[in-house]
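Visitor: Could you walk me through this structure, starting with the terms you use?

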Amino acid sequence: MRTYLVVIDETDEASIALRFASRRAMKTNSALHILALVESEGFVAWGGVQATLEEESKSRAEALVSSAAGTLFDETGIRPSITVKQGKGPKVVREMMDEVDGLAALVLGAAATGAPGPLVSHFAATEAGSLPCPVMVVPGSLTKEEIDRLS
């Protein structure tokens, strides 16, 4: 089965990317895989403090993705696969792209203003020619109605 991989975090553009990906998956009878990234914390001198910070980040990411999956199921009936991984964003996303069977596209949201974000900058430029699937970049300035129409 074809699968759309969408990366989410707490940003508005991630919500827009998730809406677009879920509508695409629904309209094309495809699966959806949500990846929540937990960035590695910078080095903290006290190991216990670092472990606590990383655990808190992971808990926030798990809560975010669970909430998003529940809302998604209510709106579209799609039950997405969910992964929460810790590490450097581009590296973790690339690993997931290799793991997901039938990958149809990587769906990322671009910030409505300013720089598009580190993942968009990386995957739409640096690695664009070597990816195993297309990258769909959803502009952060789109309204829900525009997303629904375009997807």
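Guide: Gladly! Buried means under 20% relative accessible area, exposed means over 50%, and partly exposed is in between (1.4 Å probe, protein chains only). This is a predicted model, so local features need pLDDT of at least 70 and side-chain atom pairs count only at pLDDT 80 or more, while totals for chains, interfaces and linings use all residues. Residues are numbered from 1 along each chain as its sequence is written, and side-chain values use heavy atoms, with hydrogens and water left out.

Visitor: Which helix or strand supplies the largest share of the largest nonpolar core?

Guide: A nonpolar core is a set of buried Ala, Val, Leu, Ile, Met, Phe, Trp, Tyr and Cys residues joined through side-chain atoms within 4.5 Å. Helices (H or I, at least four residues) and strands (E, at least two) are DSSP runs, numbered from the N terminus. Of this core's 21 residues, Tyr-4, Val-6, Ile-8, Leu-32, Ile-34 and Val-107 touch the most other members. At least two residues each come from β1 (3–8), α1 (12–27), β2 (31–38) and β4 (103–110), and the largest share, 7 residues, is from α1.

Visitor: How many residues are in the other core that lies apart from it?

Guide: Leu-35, Val-92, Met-97 and Leu-103 are among its members. The count for this other core is 18 residues.

Visitor: Which residue meets Arg-23 in a salt bridge at 3.5 Å?

Guide: A salt bridge is a side-chain nitrogen of Lys or Arg within 4 Å of a carboxyl oxygen of Asp or Glu, and the count here comes to 5. Arg-23 is buried, at 10% relative accessibility, and lies in helix α1, 125 residues from its partner in helix α5 (residues 144–150). That partner is partly exposed, at 28%, and is Asp-148.

Visitor: Why are Lys-91 and Glu-95 separated by about one helical turn?

Guide: Lys-91 is exposed, with 54% relative accessible area, and Glu-95 is partly exposed, with 30%. Their closest N and O atoms are 2.9 Å apart in a salt bridge. They are about one turn apart because both sit in helix α3 (residues 89–99), at a spacing of 4 residues.

Visitor: Which residue forms a salt bridge with Glu-127?

Guide: Glu-127 is buried, at 18% relative accessibility, and lies in the loop between α4 (118–126) and β5 (135–139). Its partner is in helix α3, so the pair ties together parts 33 residues apart in sequence. With 22% relative accessible area, that partner is partly exposed. The closest N and O atoms are 2.6 Å apart, and the partner is Arg-94.
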